[in-house]
Amino acid sequence: MKKNVLKTRWGKWWVIGAPYLWLMLMLMIPFLYLLSVSISEMVQGGGYLPIYRDGGWFFKDNYTPILDDVIKGGTYRSAYLSSIYYAGVTALLCLLIGYPFAYFMARAPQEKQPTLLLFVMLPFWVSMLIRVYAIKVLFNDSGIIATTLSGSLKAMGLITEDLHLMNNSFSLLFGMVYVYIPFMILPLYSTLSKIDVRYWEAAADLGSTPLKTFFLVTVPLSKAGIIAGMLLVFIPCVGEYVIPQLLGGADTLMIGRVLAGEYFQNNDWPLASALAISIIVLVVVPMMFLNKYQDAAQGEIK
Amino acid sequence: MAEHIPSADNDAPYLSIQNVVKKFGDHAAVNNVSIDIAKGEIFALLGSSGCGKSTLLRMLAGFELPTSGKILLKGEDISKIPPYERPINMMFQSYALFPHLNVWDNIAFGLRREKIAKAEIAQRVDDVLKLTQLTKFAKRKPHQLSGGQQQRVALARSLVKQPNLLLLDEPLGALDKKLREETQIELVNIIEKVGVTCVMVTHDQEEAMTMASRIAVMSNGQLLQVGSPSEVYETPRTEFVADFIGNVNLFKGGEIVVDEPTRAEIQTEDALHILPRGMAGEKGMKYSVAIRPEKMELSKTAPNQRGNQCQGEVTEVIYFGSDTIYHVRLNGTGRVLKVQYENSERYAGERFTWGDQVYVFWPPTAIVPVAPSY
């Protein structure tokens, strides 16, 4: 008997402990490391001085310059603002495109839904880098899409000069929406497919046209999915580096690129780390409030 | 409950279902159903699951289109009108109350879809809240209500639009037994107060009997018998109907052996059934006999009558408090008859006991000849 009790206790600890251990190793320790770098002194040519050395603690405030810049309206502020702007627009576009998609998936015949779901996840089978490069090739001034589009629009007399699809906000948003849309569709699909058909029937029965039913019943009931999808797209987009780097232009500066610049061009690791921590604070703190609100709302619906 | 006899005979029927067929692939869920329903009736479609009753109801609501046939409401064919344009409201099985809206908004939902002034909406919602005794729950969300309260909200929501036809889909199915009995009466009182014509679907024969003014027993997409609750109970026309509504003892495989204008006799394996009237059949016709358990009696000595009796052994005594049911295994065929006694006196349930040799007998009026099912 006693042995059994011990066994279950160990089992329980293991089940609860394993994820915590993972989070500790993969999230908390790197985060603390980053935090320590962000308050250390830089070394010319790359690297940093440890904050504990020669038997004493040495700190450097790398946050004040960032704050100053943000207050005065320098590069960091515009990079932060444009990051939030592009991430926000991406999330909205994903919602606009993803919602109808998820809706029809959820209402498709039961046996077809796994196939549709597979189509949504299919892009994951190809590395994101390759997909982004493909967009680059297609949208290039000499790429097939740009030339065909320019040619036909010119022939119709709508434009006189060649279209430029690459390295501007269009290509940037196209790339981000393309890469992140599955993260919007999946949570939306999961909430939409759980909505009882009888709510739609009840709305129709009470005289609501299909359009009215959509906005008065379907959208409110899928609120949790909308919020989850928006967060899943918005958060990684704020700090996105690869897509702005490959598809963005000079006028689409995002914080990820600025940060990379600080690391690799200016070799200022501590300042770059401070920028990274700032992004986390910028994104995570509002999200925590949102989550709290969402939990309250969820409790109400249940 | 079923005192109000519909006045269907004066003019055209209020709701007329004409030759309605609904096929899903090859399977006919509703197979050529025709029925007229009068204004103010509470009409119950009764059947086991999969008999097509829900499909028929959904065609009335507009969620399914009939494959063929017509549905006329006040003389107008509504079978192709979309549900949101029909003057018909439905109370859904397990209610389908909108979880994101409170009681008041749930009830006002339907009114807001029409061009009705705000003040009138408020007035009508408040009226129906009063009618269903929900006024103090107006601001609650559905999940904060008990099952019975949710049921009343669903009723209020479907009544507030003053529909020409009210549909009830298993109206009490989600309630427990005790609450169901109270709610049945309450529900009928409200429906009668409003005076709305009502079609309900249920698999619970008790629910249908207590609430409806007329019952249609449905099986395999067809109406087997339509009539008042007492008609369907006391004179079932087929074995299926007799068996479906209440308890019954079926003497199967009988044959008419005597058929005179004032007297008929049906011989089954276990007994000779003697009726004091002629039958609409001829000698040699196959008939089964249905007899309700409460119309049979037991005796230890042979009853002084010809026919209408058989002999057996008491194998079970089932005591329900208000009644006792005796199972009697017949000596001849080993079939088991159920005989129900009302315990109008205390400890009356101990009349007979296990192993007693008894005679089962019944009055000629208890005999219901039914068409055999094949």
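**Helix H9 and the cores of a two-chain model**

User: Which exposed residues does the face of H9(A) turned away from its buried side carry?

Analyst: This is a predicted model, in which local features need pLDDT of at least 70 and side-chain atom pairs count only at pLDDT 80 or more, while totals for chains, interfaces and linings use all residues. Residues are numbered from 1 along each chain as its sequence is written, and chains are lettered from A and ligands numbered from 1 in the order in which they are written. A residue is buried if 20 or more other C-beta atoms, placed from the backbone, lie within 10 Å of its own, exposed if 12 or fewer, and partly exposed in between. On the face of H9(A) turned away from its buried side, the exposed residues are Leu211(A) and Phe215(A).

User: Why do the buried residues of H9(A) line one face of the helix, and which element do they pack against?

Analyst: The buried residues of this helix (helices are DSSP runs of H or I, at least four residues, and strands of E, at least two, numbered from the N terminus) are Thr213(A), Val217(A) and Leu221(A). Seen down the axis of H9(A), they fall within an arc of 30 degrees, taken from the directions from the axis to the C-beta atoms, so they line one face. An α-helix has 3.6 residues a turn, so residues three or four places apart point the same way. The buried residues of H9(A) pack against an element of chain A, H8.

User: Which helix gives the most residues to the side of chain A that touches chain B?

Analyst: The contact, which asks for C-beta atoms within 7 Å, takes 18 residues from chain A and 18 residues from chain B. On the side of chain A, the elements that give two or more residues are helix H8 (197-205), helix H9 (210-221) and helix H13 (269-301). The one that gives the most, with six residues, is H8(A).

User: Where does the largest nonpolar core lie?

Analyst: A nonpolar core is a set of buried Ala, Val, Leu, Ile, Met, Phe, Trp, Tyr and Cys residues joined through C-beta atoms within 7 Å, and the largest has 103 residues, with Leu60(B) and Leu167(B) among those with the most contacts inside it. Helix H2 (residues 103-112) of chain B gives the most to this core, with six residues. Residues come from two domains of chain B, whose bounds are from an automatic or database domain assignment, so the core lies between domain 1 (1-84 + 203-246) and domain 2 (247-363).

User: How many residues does the second, separate core have?

Analyst: This second core includes Ile66(A), Tyr103(A), Tyr180(A) and Leu271(A). Its count of residues is 54.

Key:
Contact = placed C-beta atoms within 7 Å.
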